[in-house]
Each structure stands twice: as structure tokens, then as C-alpha cells.
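Trainee: Could you take me through the largest pocket of this model in detail, and then show me a contact between helices?

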Amino acid sequence: MPDTRRQVVSDMDAQVEIRKTPIGRLDELPRSRLMSSETPLESMANLAQQLGPAHLLVKRDDQTGLAFGGNKVRQLEYYIGEAEAEGADTILITGAVQSNFVRLAAAAARTKGMDCHIQLEDRVPKNDPIYRSSGNVLIDKILGATLHAYPHGEDETGADANLAKIAQGLEAEGKSPYIIHLAAGHAPLGALGYVDAARELVAQCAMANIDLNEVVLASGSGHTHGGMLFGLKALGHTARVTGVCVRRDAKQQFERISTRCKEIADLLEMDLVVDEEDIILTDAYLAPGYGRLNDDVISAMRMAAESEGLITDPVYTAKAMCGFLERARAAEEGQTILFVHTGGTPALFGYERELTAAFDASA
Ligand SMILES: *Cc1c(COP(=O)(O)O)cnc(C)c1O
């Protein structure tokens, strides 16, 4: 009989060691804890049975704990950390109407006793009143965030300038605002959450004796993609990271991830451990654009739900799931592919009309 107890003990040691591996200045930068535990790493055996010989896993970052969870909780630990270090009392952030980031920024602010101002950009061409009132918007209101509307959706500079104006107004009232900047050109603090997530993931894999070949995730602002890729490479891990474009085409997104990785290296005072050939993207599931459904999205949502009880959202995770299904179908025997479930489930209810019509039609 194998000495399994000994095996577990030595894997525990490996896990603890990886968890403590320094990645540049990562553990010296301000961080404010929002998660109380690691997220689960789960097997998707039913899906694997349908798709081919590869071993399929999901990292449940939809279960990061705070206010319906999602990848932004990891990212916010570093923004809120900086905000606290600066003595801020009010968080400001801009995003799409059904943004998960603004919802979680408001929730994070509340856990630290802060206020939150949210600017909602008109990024998705939809007149549906449910889109503008349900899902994340409803949660923003429950959290008591102050909402501001911005009439454009593809004007990052303009949205930032308007947010700065709101911050000036708050300062004039004696408040101490902190702006969470998402545009390129600002320190990618959010990506640090995913550099750390890479360490968590590699440690979990060591613990479970999993040899990970590939990670598939949604690539939006690039904090998740850039951070995970940088973290894995910094740890010397060889897993391929496939980013599924959810906002921009692969060419534009390549530039963004490349820039992000350089910014991460600067922030961590490390060498650039990511090469251009490490940046892998597909934009095959982006059409007709950010936050808009296509047939692949509906069938990926249905497949994840019916085979694993896994609920994905139409803006991010169902598009990423399309890319994951493609990679899983192409994989060979003995390979292990991981899907990062980045959250977003409240947005489902903002898309209620379209989703109901699509699922009724394809039932
Ligand atoms: C924001 C978001 C993403 C994209 O993450 P980035 O770090 O912006 O690239 C993916 N999934 C969900 C649910 C999100 O809210």
C-alpha cells in the first residue's frame, strides 16, 4: 500500500513553500484583505467526458466571497490597500452599466467603512430598462453607492477626466477620494491580485499532484490575464495561458497585455518574465462586441450549466467558456486544462430578456 499520508505531508510542504515564494515586491505593496480563503479548484469530469480525453478543471473565482464574488475582489485588495494607505474615505470608479467591478468596489468600500461613487458608461447599445436597473445596478443601489451617468462607452480618457472632476468636487467638500484607474498608463495594481492568484493556483496544483498544461480566461482590462501570465512565468511554471477577448480584437488586446506585463514588471521591480510568444489570444467569440450575445455564448452557457451546474455570464465567462471548450476539444490525452471562472453572475439578470428569449428558442 502506498504511504499516502507521507505523500500528503510532503505535498503540504510544497504548497506552503510555493505560497511563500516571493515574486518581486508583491508582498511589500499595500494590500487590504477582502477574501477570507482560497477559491476552490474543482474537476469538470462530466464536461470532459463529452469533449475529449483531457482533464478539465475550474478555478472558482466566482466564489471570492464578497457581494456575489468575482475576479475583481482579488484586484480590489491592492487598490483598497493603496486607498487605505493614503487615508482615503471615498472610492471612485467607472465602468459599464452592468459592471461587476463597480459593484464589488462599492461592496469593498463598505467593508472598510468608506463611501463609493460609481460612474456608469453607456458602453453597450441597449435600451432595455431591465439592463439599466437590474443585476449589478440593483446591487450598486442596495450598497448605497452614489451613481453618475457617463454618456459614452469607448472614451476611456473622457470617462477618467469626468471621474477626476467628481473627485475634485468631493475634495472641495472635505472628502478624501481615491480613484481606481483602469485605463492603460496607470499602475496595474489589480493585476497584482492575479499574480498572487497564480501562486495560489500553483500551490493548489502541487497539493493535488496536478500537472497543469493550460489556463483559459477572459481578457478584458488585462489585469486578470496579464497578472496570471506574469505570476505563472515568475514562478517558472510552463502552463500556456489563453486569453479570450471580450472587449477588443486580438491585435489591440495583444498590445494591451504586452503593456500590462511591462507595467507589472516595473511595479514589482522585476525583469520582464513574459515573452511576446507567451501572449496568446483568441477573438473568435467577441462578435458582435462587448457585452453582446452570440449563438456560441448561448450554447456554451447551456453546456456548462447542463453538464456541471456551472453558471456563466453573457459578458465575460460564457465567452471565455467558448474558448475553453475549443481548447478542450483540441486537447490530447493526459493534458490538464483549467478554466478560470471570473464571476459576473449578477449580470445575468440585466440580460434577462435576451437570455430568456434565447433559452426558450433553443430549448
Ligand atoms: C472584469 C471581468 C473580467 C475581465 O477581467 P479583466 O481583469 O478586466 O481582464 C472577466 N470576468 C468577469 C466576470 C469580470 O467582471
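**The lining of the largest pocket**

Mentor: Start with the chemistry: the lining of the largest pocket has eight nonpolar, two polar and two charged residues. Here Ala, Val, Leu, Ile, Met, Phe, Trp, Tyr, Cys and Pro count as nonpolar, Asp, Glu, Lys and Arg as charged, and the others, Gly among them, as polar. The model is predicted: local features need pLDDT of at least 70 and side-chain atom pairs 80 or more, while totals for chains, interfaces and linings use all residues. Numbering starts from 1 along each chain as its sequence is written, and side-chain values use heavy atoms, without hydrogens or water.

The pocket (an open set of points on a 1 Å grid where a 1.4 Å probe fits, with protein on both sides within 12 Å along at least five of seven lines) has a volume of about 190 Å³ (the space filled by probe spheres set on the points). Its lining (residues with an atom within 4 Å of a point) includes Met-301, Arg-302, Leu-348, Glu-352 and Phe-359. Thr-312 and Thr-356 belong to the lining too. Three helices (DSSP runs of H or I, at least four residues) give two or more residues each: α11 (295-308), α13 (347-350) and α14 (352-361). Of these, α14 gives the most, with four residues.

Now the helix contact (heavy atoms within 4.5 Å). In α3, Arg-74, Gln-75, Tyr-78, Tyr-79 and Glu-82 take part. They meet residues of α8, among them Leu-189, Gly-193, Asp-196 and Glu-200. By class, this contact has six nonpolar, three polar and four charged residues.
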